[in-house]
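These are my notebook entries on a structure I looked through. I began with one chain as a whole and then turned to single residues and helix contacts.

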Amino acid sequence: MNKTVSTRQIIFALLISISAIKLLLLPNLLAGEVERDSYIFIFIMLIFDFLVLLALLFLMNKFKNMTFIEILDHLFGRFVARCIMFLFFLFFFIKCFTMFQTTYVYLNENLYSFFSPFLFAIPLLICVVFCVSCGLNSFSRVLEFFVPLVIVGVIVALLTGVSRADFTNIFPLLDGGILKGLNLFRFANWFGDYTILIVFFGNVKEDKKFNLKVILSCLGVIVVITLFFLVFYATYGYNVVCHTNAISDILQVLPSVSDIGSFDWILILIWDIALFLCITLNFFGAYYSFRHAFFKKFPLAISIFIALLIFLVNYLLKFNVYISISFAKNYLCYFSIFVGFILPLLIFIVGLIKGGKKNEVPNQK
Amino acid sequence: MKYLIKNKILLLLLLLFIILFPSAISMPQQSKSENIITAVGVDKSGEEYEITIQCLVPYAGSIQETLENYSGKGKSVDEALENLNLDYGKTSGFAHCRVLIFNDEVVKENLTEKLDCFLRRKTNTNNIILISTPKEAKELLGCVKNLDDVFYVVLSNNIATNDQRHYQDFKSIGDYYASYFGKESIAIDVIKVEEEKKEGSGGSSSGSSENSSSGGDSSSGGGSSSPSQKKIKNEGELIILKNGVKLVNLSKSETENLNWFNKEIRDKTLTIKNYNKDGYKDADINFECQHTKANIEVSFKDNTPVYKLKTTVYVRRSEVLSKDLSMKNYEAENGNLSSDLKNEIKNEIEKKLRKAEEHFKTYDYDVVKCYDRLYKFQKKPLKKYLEKKDNKFSIKDVQFVYETEVFNQP
């Protein structure tokens, strides 16, 4: 296999994967649970998530040149490895269809008075399948092209928010008590984003500072997301429950009579790109896991099958994101905690015990 | 064909084109199906609400758009909007709406009920500025017709220029809900319509000539049909809403007093009258107060809430009115403020603050976010305090302490 993905491309993939969905609906959902303290709890959740990154990086370093499925085969044997990949397939698939719905609602709420779900779904899924058929290498280059734009968008949103924020809104701290934060495990479906790294295993260009760069970048993203939550609450205070699209709504803090006009529309367009990239990344995860769980032949047919499955689930749920949110909060959260947090840590522990010495595992390809 | 099948990108574009083209060409022109609303007026007459929307109407082949006002009636704001949509065959698009005007009748009952349908729009309407008008919102919207003098340009300029300066701190729907949920009162700005008299109209009005706009009728129901000229008049007045209901009107001088509490308003003016020191004789000195800072601390002292306002003001003489001004006065000023003058300024500011305090204690409204600050920074003592007061907080029980520092503006 050619090692085609650079460190920068992986960082961009992680950045999109972590932030795209968290900066949209999540501030509103968390504010419903923990109100003004959402930034404290999101920070704790992100740090938990970060442990998954460390575990995966450890596996990546220890089993250099091996793909994720090869590591699983090596650690658990063929059958268990396939079962784990099936779980990952379900995990990415769930993420894909919830993101898909969120993107539809986002477009429908902001840009159109009514947007046919079919007209949204079919072209989008065609584009996603196209990206997957072009391969990870091509998509990584697409990321390199668009992610800087997304970064600029986040910075603009953050600065605009800071300029109008009233930071007294975040007081009193921990108003509802620290135990209230335990409820947040129900939002596990919005986390576990570092698992996308499994797609890149064994496919990374040699870089001596790979670990350092990835860790520092991800820590930077954690700080930015926490700050965003802080600024968002400081900006809107009690009104935060009325703002479901945080990243673009934060720009609406500018008075309507300002000369800038509907400034938020620029960010809505940028964030649509971010959501598309995020859906495609998770689609890659689902596609990769499906192929290794079942069979590798007919790659295009597999991606079309997954796309149709996403469409079908959305169709059955009538593209209603609130049904998905309620389902994710009440039922899927346990599954997401297991696959997004516990499973990678279990693999890490088994890898630690069973994997042999660092860099001594032979290349199995 | 072979080339097409081999070229994935071309294939993708072709597929997208096939899917999107038929629906794209069959879509109606959006301006024909949706009103581009720039301002909304809500009036109440009897049991019915009358909604007036001011819309931008683009015309093919013309660079300029025109403004039209449309009105509809209903038992609720939403019903009135729906009737209006039915009458004019378009839906209401609020994405470009800048101002929401309501008249006095509307705020005799809870304003929250009237704003609810705006808050629930798919388009975010949180940053729409709220304005009150004593007579009819319809009249205010109807007093402009031509695009050269469009309502939103005149009014937006008025708002954008005056916002956070001197008298005004314009409030949006979002601000309204924040104060409503936060159990506070809110001050909404008042803008009036005035009949312009032909005789002596030039320059006699008090500083609002830039706001004047040619009046006129609106064929679609907006405003008066009188050919006489009307103008928008902003006298720096406010209305206070408590629990969404109008409590009291604030005159220009009362607004001015209250604004010394508002740390968002950084530019203020001040006058010291009959000043007889530093070489002046019976001088009225006007000051520009820029970059005014107001630090607020809240605490409890002997189970009494204390609101401490520390004001820092940087002042500059903007005008000295005295019959005996001489060269010596200018030389003596030399960009400095004497300690006597500083004391006078300090006393004047604190006098204004006391007057504002007296007013909001008389009418029992909390626009200075006293409860909110106590909740944020003194939660436990506040809880104890409220237990003794049957969970009722009144601004009347708060002790206000003022500290003022005056500096010469460099």
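Entry 1, fold of chain A. I looked up the secondary structure of chain A and found 12 helices and zero strands; I keep in mind that this is a predicted model. Reading from the N terminus on, I wrote the order of elements in chain A as α-α-α-α-α-α-α-α-α-α-α-α.

Entry 2, overall dimensions. I asked what radius of gyration chain A has beside that of a compact globule. For 365 residues the globule value would be near 21 Å, and chain A has 20 Å, so the two agree. Taken along the principal axes, the box that the C-alpha atoms of chain A fill is roughly 65 × 45 × 35 Å.

Entry 3, burial and contacts in chain A. I looked up how the 365 residues of chain A are covered, and 61% of them count as buried. I then took the contacts in chain A with a separation of 6 or more, and noted that 86% of these are between residues 24 or more positions apart. For the accessible surface of chain A I recorded about 14300 Å², with 70% of that area belonging to carbon and sulfur atoms.

Entry 4, one residue of chain A. I picked A:Thr7, which lies in helix 1 (residues 7-19) of chain A, and asked whether A:Thr7 is buried or exposed. Its relative accessibility is 7%, and because buried means under 20%, A:Thr7 counts as buried. Setting aside neighbours within four places in sequence, I listed A:Asp207, A:Phe210, A:Lys213 and A:Val214 as the residues in contact with A:Thr7.

Entry 5, a helix pair in chain B. I moved to chain B, where helix 9 (residues 252-259) and helix 11 (residues 339-363) pack with their axes 8 Å apart, at an angle of about 105°. Since 65 to 115 degrees counts as roughly perpendicular, helix 9 of chain B is roughly perpendicular to helix 11 of chain B. From helix 9 of chain B, I noted that B:Glu254, B:Glu256, B:Asn257 and B:Leu258 meet B:Lys352, B:Lys355, B:Ala356, B:His359 and B:Phe360 in helix 11 of chain B. By class, the residues of this contact divide into four charged, three nonpolar and two polar.

Entry 6, burial in helix 9 of chain B. I asked which residues of helix 9 of chain B are buried, and found B:Thr255, B:Glu256, B:Asn257, B:Leu258 and B:Asn259. The buried residues of this helix pack against helix 11 of chain B and also against strand 8 (230-242), strand 9 (245-250) and strand 10 (268-275).

Methods
Residues are numbered from 1 along each chain as its sequence is written. Chains are lettered from A and ligands numbered from 1 in the order in which they are written. This is a predicted model: local features need pLDDT of at least 70, side-chain atom pairs count only at pLDDT 80 or more; totals for chains, interfaces and linings use all residues. Side-chain values use heavy atoms; hydrogens and water are left out. Axes are lines fitted to C-alpha atoms, for helices over the stretch in contact, and angles run from 0 to 180 degrees between N-to-C directions. Helices (H or I, at least four residues) and strands (E, at least two) are DSSP runs, numbered from the N terminus. Angles under 35 degrees count as roughly parallel, over 145 as roughly antiparallel, 65 to 115 as roughly perpendicular and the rest as oblique. Contact means heavy atoms within 4.5 Å. Ala, Val, Leu, Ile, Met, Phe, Trp, Tyr, Cys and Pro count as nonpolar, Asp, Glu, Lys and Arg as charged, and the others, Gly among them, as polar. The radius of gyration is taken over C-alpha atoms; the globule rule is 2.2 Å times the number of residues to the power 0.38. Buried means under 20% relative accessible area, exposed over 50%, partly exposed in between (1.4 Å probe, protein chains only). Accessible areas come from the Shrake-Rupley method with a 1.4 Å probe; for residues, only the protein chains shown count as cover.
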